[in-house]
Protein chains: 2
Amino acid sequence: MTYRDALPALADPTRRKIFERLRHGAKPVGVIAKGLPVSRPAVSQHLKVLKEAGLVDDRAEGTRRVYYIDPNGLADIRRWLDQFWDEALEAFRAEAEKDQEKK
Amino acid sequence: MTYRDALPALADPTRRKIFERLRHGAKPVGVIAKGLPVSRPAVSQHLKVLKEAGLVDDRAEGTRRVYYIDPNGLADIRRWLDQFWDEALEAFRAEAEKDQEKK
DNA sequence: CATCTCTGTAAGTCATAACTTACCGTAAGT
DNA sequence: ACTTACGGTAAGTTATGACTTACAGAGATG
C-alpha cells in the first residue's frame with residue numbers, strides 16, 4: 001500500500017514487463033501472459049504482488065479478469081523520491097566542488 | 001546505471017535505510033553502520049550495490065570513505081515513472097467509470 | 001447440464017541475494 | 001617503524017522469492 005511494497009514489486013524484471021504491458025490500457029491475464037517467457041500462473045502471482053502494492057487494479061469481465069494500472073502505487077513512489085530530490089541535488093553540487101578542490 | 005539497477009537497489013529495506021541516512025548529507029561508512037541492525041561489512045556491500053546503481057557516490061577522506069547521494073540514479077527512476085504517469089491516470093479514470101456502470 | 005475457457009491457489013523446487021565471520025590493505029598517530 | 005582505526009573483499013550459510021506442475025472454481029456456450 002506504500003513505496004515499501006511498490007519498490008520491491010517493480011524491482012523484478014518480469015513484473016516490470018507485465019506492468020509495462022498495461023501502459024497503453026487494460027488487458028486480461030491471458031493476453032498479458034502471451035509472449036512472456038513464464039507460465040500463466042506465474043503471471044497471476046506477479047499480478048497479485050502488483051495489486052497488493054497498489055500498482056494495478058482489476059475488474060471482472062465475464063470469465064476474464066482485466067487488469068489496469070493504478071496510479072496510487074506510482075504516486076507513493078514519486079512522493080518518496082521527491083523527498084530526496086532537492087536536498088540531494090544541492091548536496092551533490094557541494095560534493096562535486098570538494099572533489100575539484102582535490103586537484 | 002539505469003532504473004533497472006536503481007529499482008532493485010532501493011527495493012531492499014536495509015539499503016533504503018542506508019540511503020535515507022544520506023539524505024541530509026555525506027557520511028562515512030562507520031557512521032552509517034552505527035545503529036543499523038546489520039554488520040559493517042554488510043553495509044559496505046549495500047553501498048557497493050547503491051553505487052553501481054548510480055544512487056550514491058563516494059570520496060576518500062583520509063582513512064575514511066565518505067558516501068553521498070548521487071541524483072543520477074533518482075533521475076533514472078523518475079524518468080521511467082513519468083513515462084506511465086499521464087497515460088495511466090487517464091486510463092484509470094476510464095476504468096473507474098466502467099466500474100460505476102456495473103452498479 | 002455438460003463442457004470448455006479463463007483464472008486463481010497449493011505445493012514443491014531451485015537460484016539468488018542478504019547476511020555472517022575472517023582476513024587484508026591503507027592511512028594516520030605515537 | 002608499530003600500532004590503531006577504518007573500510008573493502010572472500011567464503012560460506014541461510015532465507016526468500018521467482019518459477020514450475022497440478023488442481024479447483026466460476027462463468028460462458030452448445
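1. A helix's expected span is 1.5 Å times one less than its number of residues. Keep that in mind for H4(B) in this predicted model: with 13 residues, H4(B) runs 19 Å from first C-alpha to last, close to the expected 18 Å.

2. Now the packing of H4(B). B:Ala42, B:Val43, B:His46, B:Leu47 and B:Leu50 are its buried residues. They sit on the same side of H4(B) because they cover an arc of only 140° around the axis. Their cover includes H1 (3-11), H2 (13-21), H3, E2 (56-61) and E3 of chain B.

3. Turn H4(B) around and you get the exposed residues B:Gln45, B:Lys48 and B:Glu52, on the face turned away from the buried side. After the helix comes B:Gly54, with a positive phi near 75°.

4. Over in chain A, have a look at H2 (residues 13-21). A:Asp12 caps its N-terminal end, with a side-chain oxygen 3.2 Å from the backbone nitrogen of A:Thr14. A:Thr14 is buried, as are A:Arg15, A:Arg16, A:Ile18 and A:Phe19.

5. Two of those H2(A) residues also reach DNA strand D. A side-chain N or O atom of A:Thr14 is 3.1 Å from a phosphate oxygen of the strand, and for A:Arg15 the corresponding distance is 2.6 Å. From chain B, a polar backbone atom of B:Val29 lies 3.1 Å from a phosphate oxygen of strand D.

6. As for the wider surface near strand D, its residues divide into seven nonpolar, nine polar and five charged. Of the 21 residues around the strand, A:Arg15, A:Ser39, A:His46, B:Ser44 and B:Tyr67 come nearest. Sugar or phosphate accounts for 58% of the strand D atoms within 4 Å of the protein, and bases for the rest.

How values were computed. Residues are numbered from 1 along each chain as its sequence is written. Chains are lettered from A and ligands numbered from 1 in the order in which they are written. This is a predicted model: local features need pLDDT of at least 70, side-chain atom pairs count only at pLDDT 80 or more; totals for chains, interfaces and linings use all residues. Side-chain values use heavy atoms; hydrogens and water are left out. Buried means under 20% relative accessible area, exposed over 50%, partly exposed in between (1.4 Å probe, protein chains only). Helices (H or I, at least four residues) and strands (E, at least two) are DSSP runs, numbered from the N terminus. A polar contact is a pair of N or O atoms within 3.5 Å; within protein, one must be able to donate a hydrogen and the other to accept it, and residues adjacent in sequence count only if both atoms are side-chain atoms. A residue is near a molecule or strand if one of its heavy atoms lies within 4 Å of it. Ala, Val, Leu, Ile, Met, Phe, Trp, Tyr, Cys and Pro count as nonpolar, Asp, Glu, Lys and Arg as charged, and the others, Gly among them, as polar. The arc is that of the directions from the helix axis to the C-beta atoms. Contact means heavy atoms within 4.5 Å.
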